Each structure stands twice: as structure tokens, then as C-alpha cells.
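Student: I would like a close look at one part of this protein, with enough of the surroundings to place it. Please take it step by step.

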2 protein chains.
Amino acid sequence: MTTPQHYGPPPGVPPSTVSQLGEDDELEDNVALAHLISEVKDYQLTHGNLLKLVRFEEPTRVPTTGVNISCQPTKFPTHFFDQAMALQQPMQELYLRALSDTTWLYSVLGPQIESEPDGVMAKLWNIHMRCEAAGPVQEFSCGLFRSDYMLNETASSGSLGDAQKEVTLKQVEMNTFSCAGACHGEIVGNMHQALLRRRLAEDGIDPTPQSVLPTNTNTSDIVNCLAMAHRTYESQFGLVSAHITMDDRRTAPQRRCVLMIVQPYNFNVADERPIEYGLWKDVNVPCYRCEWQDIPKHAFLGGDRALFYRPLSSKKEYEVSVVYYRAGYDLREYADDIEGSDIRYMLETSRAIKCPDILGHLVGFKSVQRALAEAGVVERFSTGLDGAQVAAVKDTFMSMYALGDMATDEGKEVALDHSFMKDYVLKPNLEGGGNNIFSTDIPAFLEHIPLNDWHRYNYQRLITPPAETTGILLTTNEIYQGPVVSELGILGLAMWRRDHAGKEDVKIFENKAIGFTFKTKPTDVDEMSVVKGYGCFDTPMLV
Amino acid sequence: MTTPQHYGPPPGVPPSTVSQLGEDDELEDNVALAHLISEVKDYQLTHGNLLKLVRFEEPTRVPTTGVNISCQPTKFPTHFFDQAMALQQPMQELYLRALSDTTWLYSVLGPQIESEPDGVMAKLWNIHMRCEAAGPVQEFSCGLFRSDYMLNETASSGSLGDAQKEVTLKQVEMNTFSCAGACHGEIVGNMHQALLRRRLAEDGIDPTPQSVLPTNTNTSDIVNCLAMAHRTYESQFGLVSAHITMDDRRTAPQRRCVLMIVQPYNFNVADERPIEYGLWKDVNVPCYRCEWQDIPKHAFLGGDRALFYRPLSSKKEYEVSVVYYRAGYDLREYADDIEGSDIRYMLETSRAIKCPDILGHLVGFKSVQRALAEAGVVERFSTGLDGAQVAAVKDTFMSMYALGDMATDEGKEVALDHSFMKDYVLKPNLEGGGNNIFSTDIPAFLEHIPLNDWHRYNYQRLITPPAETTGILLTTNEIYQGPVVSELGILGLAMWRRDHAGKEDVKIFENKAIGFTFKTKPTDVDEMSVVKGYGCFDTPMLV
């Protein structure tokens, strides 16, 4: 199938009716398609691959909808998958060295911090400065990072001078804070494994585990990372006996917990809860969720800046070993009415290990990605890398520029020129993805942005994926069959210690790739966001 | 808390709002309750403890609601739990002997078969007779049974002559066909384990697995039972090589599958799909679902009456090793327009192993339960039981009578007398539970039933559970806090061979308890049905 087909849901169509999917002569295909979709929907429902419709939540029930999902794995070249996995360690090394060099970091972030004192970046930097002034009591930090890549196709001259196409792996962005999608990615991976097992059996092939679909164990990997941080805390501050009898529980030391900081009215609990459940069940580490705005009610600093948390269900406090952020990145979370900056400051200045600390958050802003791509910068932070790794990292960077540098009359003329901007994507200088403006939409958008706000944006050369692969995507709004493009996110963990006393340096204890997410969208849609209805969780079929 | 409180969902209340749950002075309790309910809802959502709202299904999404659930385990005496588990083997022995004695079985079912030739029972018996005439080609059968019990409290004279209360375990009914609830029961068991682990940790007790909540592994137990039947079939008809290369797949023998027969528009897929997934993934046995009315399109009998099934997703047939019924019990499934009797006949007359066969279905009708309680009947079928087992089985029977025996002028006068019927429950002579009429509702109900239809009912002495325990129940419609009563269902598997050639006898190969379901309802509600909105899946807290 090469013509993309977007099938909307006709209102009032009874379940199992497939005739809306096409003409009669496509009936057999459509019956098979309807069957596949029914299999996918049931798998999602029985494995919690769901989003809450929080606006419609009632005391007794929560309506749900399936997460956007690709009904079948999408082809992706094995060597690019392996290349992305191998890049995670040097890529994280680079970011860890960058975040530890606060002088350099401020040289990158400073202009925006100074010109936007009420922005998230400035608020975070101020919290960082308050923490430094208070004096750090915890040198260890841990991080769960995700580096996103797409394939980029360019014309290049072959050795014989004829025009050839060259495909390379290019980094879309580096996510360092509150990375989502790991749990959904694992469920979708397991679903594609299950569907493949069935298809192979139908083809008469014994369904042994197939290496064409890489195994995804994101959830337990994240659980193990947080457990490692928890044990590190215990090794720093003394082990609490795991065996407390009924008799000595009143005098026993506090138990410790991982505190997962979450957003209220969260529709995506299914991407967080499995981590909490795994900590309790699989590694015997207590874990509690606390909504951002409730932290002042339930958490406080004790002696030695130990962070304590009292669960709603308990009369006894836990000492927090690890703060795991799944909130704290929206400007509104730092609003004065909820004293958001004080919330973050209390967490950051405590002796709990943060996942990640505030510098790990700040290094995820787009302007850092841009600055790292400048000449000589990777080399500056390449202490732990060999020459091949430096080259490999740099090879994945797309050109990226500060829009602020164009905030002149001359520059404006270029920026508003369609023929120039058609090759770029405009990215707000925030942490995390989304909110991008693409290609020929950019000039019209910039018309409404005052020149003195241009420093809030970077523009990155557009990645142009090969248009060879088709897929079947199931979103809340439609069933799509047609050309697709995919984005591979490599998940990694790291644990490091900043040397606060002496010169700014970092010692890295753990640094490795742990898993992946894979998202696919219709080729004719720009944005990959899953929660905004375009991208779909998927699994790479390695070819 | 002793006053039952039913909290309905006020329309339009935003999530996390708890003030609707009571007065201000109950706020702390209510915050804790709202928190508990939020934990329960998220656990259900992330573990597929859900029902599909099939009427609102659209091509791209399926709305869901949580299964009715008890928010905390409910106390149940350990010795009664152990007693019920120990009863499963003799109870199944009794039913297996009874279903094999078709002369006796017809003596019990015959009156209704003859007076209601269009009823399900008559249709099933006719299919059985057609199968006997065709000559059986499969002597093995397997079964997944569930025996339901409640505690019954009666006044009895103590040894010193003072009035005392006596509590005993009484059988509500025996389910032999298409038993549901196993998968939901396991999820709820795991949820209560998770909540208990947390509570114990908060009390400073090391969260080792607690024996107070019995472990529930229903799903894998059922998977293993069906896999055992599948292997039995392979041992009868030759093993299909599990290792087929790409080269010989065209000439390789057919693969075999378990065929799960299901109802269309099924809202309860979450209680079936895990069994299918487990067969594929955990024991490498292909399993397909086929909706009842689609069987003629996808299944057919081949040579030697082997049953073949062609999955929608395949061009190649599977030979069916085991027919696992999760449909085929509703009268409308035997309607002429879908040729339901021919569907069932094809399945039954095939050489696939049925779970269970049609006699295993027929023995589940209420009139069999009544007849087994008559004097001397347990002894008649006690070949494999010792005296203590015979006594133990009989001790759990509540008195049960045929309403047809009261279909006289004299009898009618008694039946319509409130003071007589207040101690009984009227049960339609069907297989499975539900549709019961309770106590003082019976006379008004019987006024509208012609005397010659009275044979369709039995009346059983009401079980009166001790009213000591309170609970917190979350149903689609309300949050209930107050007195509750529970029903314990023991799941068992059996595998047996009828000797068709000689005298009617049965050889039992496997017969054991495998797991349990536990349901709890408000004391002031009669019916325990979960799907009708009263009963809630629960876990016994053994005391």
C-alpha cells in the first residue's frame, strides 16, 4: 500500500463492523485489518497500555483510551540500532561533563536566564545558586536519559561521480529530565513479540524468541537504576535493618523510600505506576508518589537535611533516599501561588539523591544541544572518550543555531525567507520535546514573535528520513495505513559524583544504555509527540 | 464503621475531590479513603482488571471501566478456606461419577428435557444423544470447575443447654462449564498483596510474603491444565515436530491449537485473554479465539473427525487439540438462525478434547445439585472416596428441593406462604449462577409463574453468613462502606476418560484444586453476581 489512508471513526458504528474501512473489493484485507486492530486493542486493555481520560474521572471509575500504537513492528536497519545503542555511553559522558562545568553551562544558558528572569530556566538556575550557597550535602546524582534519533537521507556523490543517496543516524534531541514512554514502550514491544510469535507459528516456523525484535525490559531496568541509587544512599548513611520485629518497630530507625514526584491529574499513570510497583515487589524498595503541589504538606527537611516523607496512608515518616522526578518541568509548577521554587529548592538542597539533580535538568535545554554542536565543544568534554567516540558523537549532530543571532534587520530578512527556513525546524529553547514549528510554517510564525524574544528559539536542520516504509497506526482518532517514519530513543542510566570542594569535575560511576523506545508517525505529519495524537509507540523490526 | 454507607458518584465532580464522601469531621478518614480508591483504580488500569464497555466501542478505541473490586482483603477463617480446598477433589470426584452415569443423569434431567423440548437442557441432551449415535472418537475430557461456598451461621444448643451460634461451610453451587473470574481474581489477589506489603512496611515490618493472603496463580494453573490436555491429544495422535525449518514447512504436519470458543461483543475479554496469551508465551501452545457464531466459517471436521480451524490471520489450518468453552451456555446461542445445535454437535463429535464435554456441561444444572443432596446419592458415586470425604461433602450441602413437587393446589399454598419461603432462595434450573429470587420476594414472583413451569425451579435453604465483617467496595456505581459477606469459589481441574465400550464408568487421571476466587458484597444485597454490579472481586484475609 503506498497511498496513505486515514480512516476516521464514523459515529455510531457498531463494534466489529469493518465495512467503513474501504470498498467491497478490499473486504478481505479489511477483515484482516479489523481483526488485527481488535487483537491490538485487547492487548492494550489487558496490559495497561492505556491513558486515563482524567477530565472524565469519577469517584468510582476512570475512563481510558489506548495509547497510540503501531499495529506491527516497523523496519529499522540493525546497524543503525546498534550504532545508537553504542552512542549512549559517550553521549551521556558528554552531557555529564557539560553539566559539571557550570561556568561553561552558564555561558550557554546565561543570555536567556538574564533576559527572561521569570522563565523556567532562570528559576531553575536560581534554585541551583541557592543550593550552592547552602552548601551541598549530597555529591551523588543519578540520571535516566533518552537520546532520540532519526535516519537522515541526503544526496551525496558516489565514487564514480553519480548521485547517490546516503543515510545516516542523526540526533533529534537529548532528554535528561523526567523521560517518559519507557513502560509503554516495553508493553508495545511485548505485544509485537506476541504477534510475531503467532505469525511465525502460522508460517510453520517454531516460535522461538526472535532476535529481529529486540527485547525490551525498560521497566525493570529503570527499577534497578533507582534501586542502585537507593542502595548507594544506604551505603552513605547507614543501612536500615531490613528485618524489624514487631517488638522493636517503635525504636527502629526510619525506613527509606524512593519518592516519585508526579503531576496532578496525570493521564499517563500507566507509564509511571509500573516503576513504583516494581520497586516494591521486585527489589523490596518502598516507593511513594507525591504530587508536586502536595510536597509541602507531606515532606520536610530534618536534621542533616535528610528529606522525610509521610505517606497519606501512614502515621510514620520515611526518609527519602532518592527523589525521582516525573514533574517539575512546567512553568506553572514554579508559580508563586504554590511556591514551586521553594518546593524544588527543598528537594534539591536535601541529602536525597536526585534523579536527576537540577544541573541534570538544566543540561537538557535545547541551547545546550546547540552549543555542544559548536566547533571544539565535544572535544572540550571528551575526557573519557577516545577519538572514534568523539567523531561518532559529532557525526550524529544536525546543524543547530540560535535564532537570537538573527535578531537583526538583516537576519530577519533571511529568517522570514521561505526558501531558507524550509530546511529547518524551529525549537523553543526548553527542556523536552514538542512545540516545534516546521519548515515553511516558520516565517509566518516568526512574524508574530518580537525580535527580542527570538533568543527563546533555536533552529535545527531538518532531518529527512528515507520514505520507504509503510505501517498501520492506531491512534485515538484514526486508523492510518501508509508511509511512516520512526524515531529511536535510547534509554540510558548514569550515576555520578560532582566534586564540589575543588575544581568543577565529575566522577562517573555508572554510564550505560539500558533500553529503548521507538515511535512511528505518518510521514505527512511533522510532530512525533505521542500524547498529542501523532506519534505511535512501536518496535523496530531489525533488518 | 457499622452503618453501611453507599456513596454515589455526584455528576461533574472533579477527580481527587473527596469532600463528597462525607462531612468535614470525617475529612481525614475520607482523604485516606479517596487515596486508597485512587491506588485501587490505578492498579486496575495498569493490570487490565477492566471490563470493556462494548456498546461504546469504536474502531479506534474501547472505553473501559474497572471490575467491581473490594479495596481491602476481607477476613475469612483459615480452617474454612482449608476445608474448601480439601473438598475440591472429592466434590469433583462426585460430579465426574455422576456425569458418567448417564442413566442416573437422565433420571434427574429427564422431566425438564421432556417438558421443555426447546430449552437449553433438551438441546444439549439431544446433541449428546447424536454424539453417542455417531460413536465417540475421543474418550478423554478435561474440566475446569468451580465450587462456591459461603459460611452459614445457625443457632445450636451448646453442651450446657445455652443457645450458641454455629458456623459451617455450605456449598452455594457447583460450576462445571465456562467458569469465569479466575484471571480477575488473580489480579485482585496480587493487588491486595501489593497493598499489604506497603501497609506492613509502614508498620515497620519487613515486607516478606505474607501467608495471611493466599497466593493466587489461577491464570497459569488454567494455562497448565489446557496445555496438559493439549499434550494428551498429541500423545494420542502423534507429536507434531516442534522444530520445522523454512524448507520443510510446506510438507510439515499441521500444527495444533487450543480453540477458545467465546461470545461476541464480549465485555469480559480481560478474563479470557490472559489464558490465550499464557498458552502462547509460557507453554508454547498456539491458542485461538473464535466467536461462537463464526465457527461454521472457520472450523470444519476432517478425516477421523479431526477438528480443523483456520485463523483469520492465516492461510493454513490448525488441527484443534482442545476445545475450551467460554461460550455455548445461553439459549440464544442455540437459536435455529445460527444453527447453534449444529455448531455444538460438530465440536462435540470431533476428536478434540473438550473442556468440558457436553456431559460435563449438563452435570452443572441446578437439578443435579439438588439430586446429589438426596439421601444415598453421594454414597452411590463414592467409589473413590473414603467415609470421611463422603461425610465432609454431604455436610456442605444445603437442603434443596424441586419446586415442581409443589405444583399442586396444596403445595402452591405453602409456596406462596411468606413465612415458609422466607428461608429459601429460588434458583432457576439452569447451569451457572444468577437469576435467583430471594426469600420474601419468592411468593410474589411465583404468582406469575404457571404451575406447569414450576419444574424449571429449585428452592434451596438460604445460607445465612455471620454478619461480623465490614469492607470497602468499589463498584461502577458506588463506593460502599459497611457490613459485607463473602463467597469463596474453589477452582479445580480434572481430566478423565469415559469407558464408552463397556458399562458406563469413568477413569479419573487428574483431579485437584488449583486456585480460588473470592467475592464480597454488601450484606443488604442478595445477589453475588459481579457483572450485575453487586459482588466485588476480593481476597480472603485468613484469620
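Student: What percentage of the residues of chain A count as buried? And with that as background, which residues of helix H3 of chain A are buried, and what do they pack against?

Tutor: The model is a predicted one, and every value below is computed from it. Of the 543 residues of chain A, 59% count as buried, where buried means under 20% relative accessible area. The chain exposes about 21,700 Å², and carbon and sulfur atoms supply 51% of that area. Its secondary structure consists of 16 helices and 22 strands. When contacts in chain A between residues at least 6 apart in sequence are counted, 74% of them join residues at least 24 apart.

Now to the helix itself. H3 of chain A covers residues 102-115, which is 14 residues. From its first C-alpha to its last it reaches 19 Å, close to the 20 Å expected at 1.5 Å a residue. The helix nevertheless has a kink of about 55°, located at A:Leu109. The proline A:Pro111 follows shortly after that point.

A:Leu109, the site of the kink, is also one of the buried residues of H3(A). The others on that list are A:Thr102, A:Trp104, A:Leu105, A:Val108, A:Gly110, A:Gln112 and A:Ile113. These buried residues pack against several elements of chain A. The helices among them are H2 (78-100), H4 (120-134), H10 (358-362), H11 (366-372) and H12 (377-380). The list also includes a strand, S19 (479-498).

That strand leads on to its own partners. S19(A) pairs with strand S20 (residues 506-522) of chain A in the antiparallel sense, over 15 bridges. Within this pairing, A:Leu488 has A:Phe518 in S20(A) as its bridge partner. S20(A) also pairs with strand S21 (residues 536-537) of chain A, again antiparallel, over 2 bridges. There A:Thr520 stands opposite A:Cys536 in S21(A).

Elsewhere in chain A, 4 strands form an open sheet with antiparallel pairing, in the order S14-S17-S15-S16. Its edge strands are S14 (400-402) and S16 (437-438), each of which pairs on one side only. S14(A) is joined to strand S17 (residues 457-461) of chain A over 3 bridges, in the antiparallel sense. One bridge links A:Tyr401 to A:Tyr459 in S17(A).

Chain B has an open sheet of 4 strands in the order S14-S17-S15-S16, also with antiparallel pairing. In chain B, strand S15 (residues 424-428) and strand S17 (residues 457-461) pair in the antiparallel sense over 5 bridges, and B:Pro428 stands opposite B:Tyr457 in S17(B).

Last, the relation between the chains. Chain A can be laid on chain B with an RMSD of 0.0 Å by a turn of 180° and a shift of 0.0 Å along the axis. The two copies are thus related as by a two-fold rotation axis. Of the interface residues of chain A, 100% are also interface residues in chain B, so the copies meet through the same surface.

Conventions. Residues numbered from 1 in each chain as written. Chains lettered and ligands numbered in written order. Predicted model: local features only at pLDDT ≥ 70, side-chain atom pairs only at ≥ 80, totals over all residues. Heavy atoms only, no water. Least-squares fit on C-alpha atoms with pLDDT ≥ 70 in both. Contact = heavy atoms within 4.5 Å. Expected span 1.5 Å × (residues − 1). Bend = angle between axes of the 7 residues up to and from the residue. Buried < 20%, exposed > 50% of the residue type's maximum accessible area, 1.4 Å probe, protein only. Pairing = 2+ DSSP bridges. Areas by Shrake-Rupley, 256 points an atom, 1.4 Å probe, with all protein chains shown as cover.
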